[in-house]
Amino acid sequence: MTSLSSLVGAAAVLTGEAAGPYSIDWRGRYSGNALAVVLPSESKQVADVVRLCAAESISIVPQGGNTSLCGGSVPLPQGRQIVLNLSRMNRIRSVDAANYSMTVEAGCKLADVREAAENCNRLFPLGLTATQNICEIGGNLSTNAGGINVLRYGNARDLVLGLEVVLPDGRIWNGLRRLRKDNSGYDLKHLFIGAEGTLGIITAAVLKLFPRLQSSATGCVAIESAEVAVRLLAHMRANCGDRLSSFEIISRTCLDLVYRHIPDTTEPFAGKYGYYLLIQVSDVLPGGLDEVLRAALQSFGPGLMEHLVSTDAGIVEKWWKLRKNISEAQKREGISIKHDVSVPVNRIADFLARSDIALRNAFPGVRIVAFGHMGDGNIHYNVSLPNPDQNREFIAHHEAAVNKQVYQVIRELDGSISAEHGLGQLKRDMIRDFKDPLELELMRNIKQILDPLGLMNPGKVI
Ligand SMILES: Cc1cc2nc3c(=O)[nH]c(=O)nc-3n(C[C@H](O)[C@H](O)[C@H](O)COP(=O)(O)OP(=O)(O)OC[C@H]3O[C@@H](n4cnc5c(N)ncnc54)[C@H](O)[C@@H]3O)c2cc1C
């Protein structure tokens, strides 16, 4: 500890009780033990700490906002490890409005990055549903985060021009390029994006910016079956083109949970339906998008039970409040068996129908909470029993069997068992049954080359 203090200052090394909150994950499902939590304030300090850890064979768990949903950002219960939290590295190094780029440190909160872009009349489009004020760019890139604007702008991976990374031996790779074209060999930044801290520590990034939006309109749509949603998505893309930025699906059970646990939430419609959609269109030109959205919805034909379109910020916020609070409402209701899956977008209705039937047959009375980024083929599919007294026992006994049913459908539909949250500890073992052995071998080889001592975030991903 003395050596760590000499590198970053005594106040930036936490132990004992002070380290506690950094050692447990957002869901309270994973907790571990760290020798210390270290909070460096610049890249050189990160490099110094990494070199010291390599010399002492101490593992490193990189951490940003600690909002990971799969145990990636917390230490294991066993082993000698430190948590390396990047939150103090929160400087916006520069905003280059003319190049539509900005250079930020890994510990910048996503909300602050978005605000800095806005202040220069630009947009940084990564939009997470509920954690923007907590999660950090380093975490967003290390998980290749998705969110509600992927349909138009892509995942975090698509929003990066360059990276600065501290390698597991303590060398600093300065790849902070601001180029949109660079075919000068392997594009190494993509190794570190989505690596969940297993290959190195991202300390800074050059992010892509976009023109700031001037207008938007949102539709709230009620439908009975997900099959309508699949057809509507294709129709909206054809009719709204790139203006279509969000297409979210919410099952009725989600809304019931939100109304139960989140104050000031109201039904958008008088009737109750199987699914609801939130559809957002936006443009860099001002005005008129409500008409575009309304016309597109009206030309769809039968299948829409009810729909509303609004540009009023208050009304739109109320609709989004329903979507953004599903995870929080679920958390208050109790634990559930969570799945973060993706399938080709035109197979979403198949996925929901097949999984629902399989689970209801196997576990009568089961409650399925399904919602997600329909436009990206990404569904959060969570399973529990409605009675909290029975639920814990149900999960303890049947989690593996529930996973098996859901993942069997995912396999049949050529999908992925981890769409946006990553593997972390939660899916580290499961992925072995899903990935091609050759793909796993290549991943292990890359890990071995970059981190031969296996000190970077052990027990996660691979
Ligand atoms: C309520 C709720 C809603 C969410 N909604 C979304 C959503 O819409 N879309 C989405 O994609 N995710 C979502 N998430 C998941 C989570 O917010 C994202 O994965 C986010 O990108 C994690 O950022 P973080 O800073 O909290 O990272 P952390 O949780 O701290 O870390 C995540 C992983 O990245 C590694 N890591 C962190 N920083 C670095 C670094 N600088 N260098 C190397 N490795 C690092 C960690 O070791 C860990 O493996 C949600 C989570 C919650 C709790």
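A polar contact here is a pair of N or O atoms within 3.5 Å. That cut-off is worth keeping in mind for this predicted model, where an oxygen atom of the ligand sits 2.9 Å from a polar backbone atom of N66. The backbone of P62 also takes part, with an N or O atom 2.6 Å from an oxygen atom of the ligand. T143 uses its side chain instead: a polar atom there is 3.0 Å from a ligand oxygen atom. As for how much of the ligand is covered, on its own it has 970 Å² of accessible area, and the protein covers 98% of that.

Now for the surroundings as a whole. The shell around the ligand counts 37 residues, and those that come nearest are P62, G64, T67, S68 and G146. Sorted by class, 23 of the shell residues are polar, 11 are nonpolar and 3 are charged. At least two shell residues come from each of β3 (59–63), α4 (137–142) and β10 (201–208). The largest share belongs to α4, which supplies 4 residues.

Next come the domains. The assignment splits the protein chain into four pieces: domain 1 (2–85), domain 2 (92–211), domain 3 (215–327) and domain 4 (334–412). Domain 1 and domain 2 each give at least three residues to the shell around the ligand. Measuring between C-alpha centres puts domain 1 and domain 2 22 Å apart. Their contact involves 14 residues from domain 1 and 16 residues from domain 2. Between them, these two domains bury about 1200 Å², and carbon and sulfur atoms account for 67% of that area.

One last residue to look at is R27, which lies in the loop that runs between β1 (13–14) and β2 (36–38). Setting aside neighbours within four places in sequence, R27 is in contact with L69, S336, K338 and L426. As for R27 and N140, 113 residues separate the two in sequence, while their C-alpha atoms are 18 Å apart in space.

Key: Residues numbered from 1 in each chain as written. Predicted model: local features only at pLDDT ≥ 70, side-chain atom pairs only at ≥ 80, totals over all residues. Heavy atoms only, no water. Near = heavy atom within 4 Å. Polar contact = N/O pair within 3.5 Å; in protein donor to acceptor, adjacent residues only side chain to side chain. Areas by Shrake-Rupley, 256 points an atom, 1.4 Å probe, with all protein chains shown as cover. Nonpolar A, V, L, I, M, F, W, Y, C, P; charged D, E, K, R; others polar. Domains from an automatic or database assignment. Contact = heavy atoms within 4.5 Å. Buried area = accessible area lost by both parts, 1.4 Å probe.
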